[in-house]
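Got the structure open? Let's take a tour, one topic at a time.

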Amino acid sequence: MHPSLLQRSLTVAVMASGIAGLPLPGGLSGQAPAVRVAGRAQIQYRLAGGDSSANFSGTGVTNGFEVRRLRIEASARLADNVTVSVMPSFEMGQIRMRDAWVRVELAPRLGLTLGQEKSPFQRYELTSSNSLPSIERGVRILGLTGREALNDVIVNNGYGSQDLGAFLDWTAPGNRIALKAGVSNGSRESAADVNNAKSFFARASATVVTNGAGQPALQVGASLAARDRAICQSVLGTGGCGAYYADSSKITTAVGLDLEWGGFRPGWHVIADFATGDNVPLPLRLNSGRNTANLRNSADSNLATFWGLHAVAAYRVVTRGADTRLVQMLEPALRLDYTDPDTDTPDDEGLLITPVLNLYFASTAVLRAGLDLYWYPGPGGDSRAAREFKISWQANF
């Protein structure tokens with residue numbers, strides 16, 4: 001890492017972990033904040049291959065090591081009803097701010113959050129990257145372009161992942177029902193809004209079955225996203241946008257249904273998501289950094305209807321032996337994703353299957369080894385395939 005970049009990274013990390021040193025308003029000065037600092041490091045090795053096609057040439061770099069995630073999270077309770085959290089990330093020398101929000105509890109079980117956080121859409125997107133049994137949420141294969149799994153469609157259309165906004169959340173007594181709704185810029189992570197329209201999101205989730213220990217056994221959820229697409233005023237030759245009309249936008253929508261059976265504990269664990277809605281096809285998207293999938297104009301011809309189903313099933317086993325044994329838990333997992341990005345266009349869907357074996361050396365240190373197998377239509381509807389073997393070594397602290 002370049003020295004100046006390292007210095008900036010360390011400065012951000014120190015600022016994040018030093019939240020406790022911030023002065024508080026006079027009435028709160030006697031309350032010592034409860035501070036928690038955590039982090040994660042995920043290192044991957046990737047080896048890709050596949051059939052030659054317009055989407056996968058098979059040439060270029062098809063294997064290598066990378067720092068997939070390197071993040072520090074600092075959260076502090078500044079008062080009984082005030083919580084703040086920041087999460088910078090530094091993977092592969094890139095400094096980004098993932099989360100930066102303040103939540104105030106307005107009443108028991110009712111809170112208001114302002115800042116940058118994940119939009120409440122898709123259960124697997126809302127699952128921490130610390131815990132993903134499939135290594136990745138979408139399709140990520142070296143050399144493969146122009147193809148998307150369900151999570152990719154959701155995030156790249158601005159329905160999921162981080163955005164800046166304000167959200168109300170409410171939890172019923174006993175935590176059996178949770179609601180969250182709010183408004184955001186629509187320009188996504190760390191990006192200023194480019195027009196006067198805003199995006200709206202809502203999510204409801206419920207625990208319908210608990211086990212003998214009172215832990216959730218079956219949870220269900222439903223999400224709605226209405227994302228505003230900025231209309232480009234100055235299209236760049238690179239496919240980006242130099243300027244947007246401030247008072248012009250087009251609202252697109254998506255809905256999602258999800259369930260989770262079991263949990264991150266011994267035994268079966270299943271997470272499944274279904275989503276459908278408006279998709280801006282890849283060739284028609286105008287991007288400005290992370291502000292993706294905006295439009296040249298408001299014509300309906302810029303939109304298609306997508307649908308997809310994503311499911312991950314895992315079974316966790318605690319190994320026997322001394323407390324000093326090397327492998328504490330085994331967790332085989334299988335992921336399946338079927339996504340059709342345009343229901344009116346035949347032979348454009350994709351099927352992703354990922355078998356994975358997870359080895360836990362401690363509850364927070366895990367080696368994951370998986371094989372992404374992805375099938376998609378080629379010329380004339382003939383099937384093409386791409387694949388990538390991944391090893392992910394990760395530690396959370």
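Start with Gln122, which is found in the loop between strand 5 (110-118) and helix 2 (123-126). Keep in mind that this is a predicted model. From that loop we'll move on to the core, the rings, the strands and a sulfur link.

**Two residues with positive phi**

- Gln122 has a positive phi of about 75°, although it is not a glycine.
- Is Gln122 buried or exposed? Gln122 counts as buried because its relative accessibility is 5%, and the cut-off for buried is under 20%.
- Ala293 is another residue other than glycine with a positive phi, this one near 60°.
- You'll find Ala293 in strand 13 (residues 291-294).
- Ala293 has 0% relative accessibility, so it counts as buried.

**Next door to Ala293: Asn294**

- Asn294 lies in strand 13 too.
- With a relative accessibility of 1%, Asn294 counts as buried.
- What does Asn294 touch, if you leave aside its neighbours within four places in sequence? Its contacts are Arg227, Asp228, Arg229, Ala230, Tyr244, Leu284, Arg285 and Leu286.
- Try finding Lys118 as well: Asn294 and Lys118 are 176 residues apart in sequence, and their C-alpha atoms are 19 Å apart in space.

**The nonpolar cores**

- As a bit of background, nonpolar side chains tend to be buried together in soluble globular proteins.
- Here, the largest nonpolar core has eleven residues, including Phe121, Tyr159, Phe167, Phe201 and Phe306.
- Which helix gives the largest share of this core? That would be helix 3 (residues 150-156), with three residues.
- There is also a second, separate core of ten residues, and among them are Ile141, Ala149, Leu352 and Tyr376.
- Back in the largest core, Phe201 has plenty to show you: setting aside residues up to four places away in sequence, it touches Ser119, Pro120, Gly158, Tyr159, Phe167, Lys180, Ala181, Gly182, Ser184, Arg188, Leu224 and Ala225.

**Rings that pair up**

- How many aromatic pairs does a search of the whole structure find? It finds eight.
- One of them is Phe167 with Phe201, whose ring centres are 6.4 Å apart.
- The planes of Phe167 and Phe201 make an angle of 45°, and the pair is tilted.
- This pair links distant parts of the chain, since Phe167 is in strand 6 (residues 162-171) and Phe201 is in strand 8 (residues 199-210), 34 residues apart.
- Why do these two rings count as buried? Phe167 does because its relative accessibility is 4%, and Phe201 does because its value is 3%.
- Phe167 has a charged visitor: the charged end of Lys180 sits over its ring, 5.8 Å from the centre.
- Elsewhere, ring pairs link Phe274, Trp307 and Tyr338 into a cluster.

**Strands 6, 7 and 8**

- Strand 6 and strand 7 (residues 177-184) pair in the antiparallel sense over seven bridges.
- Ala166 stands opposite Val183, which is in strand 7.
- The hairpin of strand 6 and strand 7 has five residues between the strands, and Gly174 takes a positive phi near 85° there.
- Strand 7 pairs with strand 8 as well, again in the antiparallel sense, over eight bridges.
- Val183 turns up here too, standing opposite Phe200 in strand 8.

**Strands 1, 2 and 3**

- Strand 1 (residues 34-50) and strand 2 (residues 63-79) are antiparallel partners, joined over 14 bridges.
- To spot this pairing, look for Ile43, which stands opposite Val67 in strand 2.
- Strand 2 also pairs with strand 3 (residues 82-89) in the antiparallel sense, over six bridges.
- Ser75 has Ser85 in strand 3 as its bridge partner.
- How many residues lie between strand 2 and strand 3 in their hairpin? There are two.

**The sulfur link**

- A disulfide is a covalent bond between the sulfur atoms of two cysteines.
- This structure holds one disulfide, and it joins Cys232 to Cys241 with an S to S distance of 2.1 Å.
- The link of Cys232 and Cys241 is right-handed, with 105° about the S-S bond.
- Both Cys232 and Cys241 are buried.

Conventions: Residues are numbered from 1 along each chain as its sequence is written. This is a predicted model: local features need pLDDT of at least 70, side-chain atom pairs count only at pLDDT 80 or more; totals for chains, interfaces and linings use all residues. Side-chain values use heavy atoms; hydrogens and water are left out. A nonpolar core is a set of buried Ala, Val, Leu, Ile, Met, Phe, Trp, Tyr and Cys residues joined through side-chain atoms within 4.5 Å. Buried means under 20% relative accessible area, exposed over 50%, partly exposed in between (1.4 Å probe, protein chains only). Helices (H or I, at least four residues) and strands (E, at least two) are DSSP runs, numbered from the N terminus. Contact means heavy atoms within 4.5 Å. A disulfide is a pair of cysteine sulfur atoms within 2.5 Å. Rings of Phe, Tyr and Trp (its six-membered ring) pair if their centres lie within 6.5 Å; planes under 30 degrees apart count as stacked, over 60 as edge-to-face and the rest as tilted. A charge sits over a ring if NZ of Lys or CZ of Arg is within 6 Å of the ring centre and within 35 degrees of the ring normal. Two strands pair if DSSP finds at least two bridges between them.
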